[in-house]
Amino acid sequence: EEDHLAGVEVEEHLKDAVEGNLRLKRLLSRDEEEDLPPGKRRKLEPGEAEKAAKIKQLLTKWQLAADAVVKHVCENCTLEELEEMDKSGYCPDKFNQWKS
């Protein structure tokens, strides 16, 4: 954080906002971790790799690999729920009027 602010004068009342933006930038950059070598990647808990593979499979099957909302919902499902969605043939409605 200090490196980004080096040589920049920030008023006291704006420091929290600047620090918040830097935190957000770091969180968003975690998406780029896939390009890192194996030693630098986040360690997955047992079963998490299987869940991630199932999510990727479903998103590809549904042709929604770039849809962050569907990915977020899937990440909050259990592996059993994901497997049930796969077995049932469920597919999100891509053309629903409520979908933005």
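Leaving aside its neighbours within four places in sequence, which residues is K54 in contact with? The answer is L79, L82, E83 and D86. This is a predicted model, and K54 makes a handy starting point for a tour of helix 3, where it sits. From there we can look at the faces of that helix, its packing against helix 5, and the chain as a whole.

**K54 and its place**
- K54 belongs to helix 3, which covers residues 48-61.
- Is this lysine buried or exposed? K54 has a relative accessible area of 14%, and because the cut-off for buried is under 20%, K54 counts as buried.

**Helix 3 itself**
- Helix 3 has 14 residues, which at 1.5 Å a residue should span 20 Å. The C-alpha atoms at its ends are 20 Å apart, in agreement with that expectation.
- K54 has company: I55, L58 and L59 in helix 3 are buried too. Seen down the helix axis, the buried residues of helix 3 fall within an arc of 130°, so they line one face.
- A general point helps here: an α-helix has 3.6 residues a turn, so residues three or four places apart point the same way.
- Turn to the other side of helix 3 and you will find K56 and T60, which are exposed.
- After helix 3 comes Q63, with a positive phi near 60°.

**What covers the buried face**
- The cover over the buried residues of helix 3 includes helix 4 (68-75) and helix 5 (79-88).
- From helix 3, the residues E50, K51, K54, I55, Q57, L58 and K61 meet helix 5. Their partners in helix 5 are L79, L82, E83 and D86.

**How helices 3 and 5 pack**
- Two packed helices are described by the angle between their axes and the distance between the axes.
- For helix 3 and helix 5, the angle is about 30° and the axes lie 10 Å apart. That makes helix 3 roughly parallel to helix 5, because angles under 35 degrees count as roughly parallel.
- The crossing of helix 3 past helix 5 is left-handed.

**The whole chain**
- The secondary structure of the protein chain consists of five helices and zero strands; read from the N terminus, the order is α-α-α-α-α.
- The chain has 100 residues, and 16% of them count as buried.
- Among contacts in the chain with a separation of 6 or more, 52% are between residues 24 or more positions apart.

Technical notes: Residues numbered from 1 in each chain as written. Predicted model: local features only at pLDDT ≥ 70, side-chain atom pairs only at ≥ 80, totals over all residues. Heavy atoms only, no water. Helix = DSSP H or I, 4+ residues; strand = E, 2+ residues; numbered from the N terminus. Buried < 20%, exposed > 50% of the residue type's maximum accessible area, 1.4 Å probe, protein only. Contact = heavy atoms within 4.5 Å. Expected span 1.5 Å × (residues − 1). Arc of directions from axis to C-beta. Axes fitted to C-alpha atoms, helices over the stretch in contact; angles between N-to-C directions. Parallel < 35°, antiparallel > 145°, perpendicular 65-115°, else oblique. Left-handed = near helix turned anticlockwise from the far one by under 90°.
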